[in-house]
Amino acid sequence: MQDEIDSPQHHVDSAGTYVAVLVTLLFLTILTTAVAYVDLGYFSTVIALGIACTKMLLVALFFMHIRHSTKLTKLVVVGGLLWLAILLLLTLTDFATRTWIGVPGR
Amino acid sequence: MADHSHTETLDLRVQFDTAEQQKDCSTLGMWIFLITEVMFFGGMFAAYTIYRQFYPEVFAIASTSLNAKIGAFNTCVLLLSSFTMVMAVRAGQLGKQKAIVGWLILTLIFGGAFLGVKGIEWHEKFVEHHIPGQAEFHLEGLPQSEQGHAQIFFSLYFSMTGLHALHMVVGAGMLIWLLLEARKGTFSAKYYTPIDVGGLYWHFVDIIWIFLFPLLYLIDRHLKV
């Protein structure tokens, strides 16, 4: 029999941890809304996405228990994000560079 | 190897060696499904990025026509529902039957509240003639030549929030099923995988909204204070 190396289900987070995460998430929501009213130029989008990514990490690590997940699950999640990056980046390389060279007939 | 002659229970089906293995298997399966969902929504986020890059000013003006305060409020409601959901999972881990039911009901209430507010917002858009495809579509502050581009923003707004809301409705159905099972006493500290896996789905839908909110509601808010 294999030993219980990864034993996610035996780990119960305290209610206090979840409350702390919730409070942080609510604070970040108010922060992102408030910051949107300030003219920061391009950085508005960067900050908005930065806060959104932070919130995503909090939800994934704590609420979705990635912290206590098996290595395989973690690998699958990171792999999934990698595919999303391929989807977004490769699509954008097309649209970002289309106008660089004149396309015949257009 | 494990003895496969054991009688089958919910927490240990015959095809698994250990309860641990069964649970890991369910969790992994759910994550694989969620990744297909990430790719599904990812296509829409890609479309959004490209069109926003094409028409940044139109997107900014169209975005400010949405009510950011209601959006922020609704985001908080959804985050609260995620919190109550994780508390339901925690109650499952501890085998507290009544607490599971209570937290699930709260999750359902917050989820329903989110959908209700969303419905009110959509209705407002109908009243303001901001529905893409409407003959009388008109977004204030834009010349006639840019109205079509504004329709692209609202097409994305309605498809993305609509698809998100559809996921919420599916999630609500799932919560009701979990509730019925929880009241029957199906779940215990040994077997709460359905709540856990259902929670993963609910949090995933929450994460989608975490990105939708700033991308749709909060573009260049300073233009209109």
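This is a short tour of a predicted two-chain model, stop by stop, with what to select in your viewer.

Some housekeeping before we click: residues are numbered from 1 along each chain as its sequence is written, and chains are lettered from A and ligands numbered from 1 in the order in which they are written. Since the model is predicted, local features need pLDDT of at least 70 and side-chain atom pairs count only at pLDDT 80 or more, while totals for chains, interfaces and linings use all residues; side-chain values use heavy atoms, with hydrogens and water left out.

**Stop 1: all of chain B**

Select chain B and show it as a cartoon. You'll see six helices and zero strands, running α-α-α-α-α-α from the N terminus on. (Helices, H or I with at least four residues, and strands, E with at least two, are DSSP runs numbered from the N terminus.) The C-alpha trace spans about 75 × 35 × 30 Å along its principal axes.

Now colour chain B by accessibility. Of its 225 residues, 55% are buried. Here buried means under 20% relative accessible area, exposed means over 50%, and partly exposed is in between, using a 1.4 Å probe and protein chains only. As for contacts, meaning heavy atoms within 4.5 Å, residues 24 or more positions apart account for 76% of those in chain B with a separation of 6 or more.

**Stop 2: where B meets A**

Bring chain A back and select whatever touches across the two chains. You should get 54 residues of chain B in contact with 51 residues of chain A. Together the chains bury about 4,400 Å², 77% of it on carbon and sulfur atoms. (Buried area is the accessible area, 1.4 Å probe, that two parts lose on being put together, summed over both.) On the chain B side, put sticks on Glu20(B), Trp31(B) and His222(B): these lose the most area to chain A, together 14% of what that side buries.

What kind of polar pairing crosses this interface? The rule finds six residue pairs in polar contact, both residues at pLDDT 80 or more. (A polar contact is a pair of N or O atoms within 3.5 Å; within protein, one must be able to donate a hydrogen and the other to accept it, and residues adjacent in sequence count only if both atoms are side-chain atoms.)

Next, colour the helices of chain B. Helix 1 (19–54), helix 3 (68–94) and helix 6 (193–217) each supply at least two residues of the side that touches chain A. Helix 1 of chain B gives the largest share, 20 residues.

How many salt bridges cross between chain B and chain A? Zero, by the rule, which asks for a side-chain nitrogen of Lys or Arg within 4 Å of a carboxyl oxygen of Asp or Glu. Over all chains, though, the structure holds six salt bridges, and the next stops visit some of them.

**Stop 3: Lys23(B) and Asp196(B)**

Zoom in on these side chains. They meet in a salt bridge at 2.7 Å, N to O. Lys23(B) sits in helix 1 of chain B and Asp196(B) in helix 6, 173 residues apart. Lys23(B) is buried, and so is Asp196(B).

While you're here, highlight helix 6 of chain B. All 25 of its 25 residues are buried.

**Stop 4: Lys118(B) and Glu121(B)**

Here the salt bridge is 3.1 Å, N to O, and both partners lie in helix 4 (residues 97–127) of chain B, three residues apart, about one turn of the helix. An α-helix has 3.6 residues a turn, so residues three or four places apart point the same way. Lys118(B) is buried at 0% relative accessibility, and Glu121(B) is buried at 5%.

**Stop 5: Ser63(B)**

Select Ser63(B) in helix 2 (residues 56–64) of chain B. Is Ser63(B) buried or exposed? Buried, with a relative accessible area of 0%. Leaving aside neighbours within four places in sequence, Ser63(B) is in contact with Phe153(B), Leu216(B), Tyr217(B), Leu218(B), Ile219(B) and Arg221(B).

**Stop 6: over to chain A**

Finish with Arg67(A) and Asp13(A), which form a salt bridge with their closest N and O atoms 2.7 Å apart. Arg67(A) is in the loop between helix 2 (43–63) and helix 3 (71–97) of chain A, and Asp13(A) is in the segment before helix 1 (15–36), 54 residues apart. Arg67(A) is partly exposed at 34% relative accessibility, whereas Asp13(A) is buried at 6%.

Last click: Ser14(A), also in the segment before helix 1 of chain A, is partly exposed at 37%. Draw a distance from Ser14(A) to Thr97(A), and you get 50 Å, C-alpha to C-alpha, for residues 83 apart in sequence.
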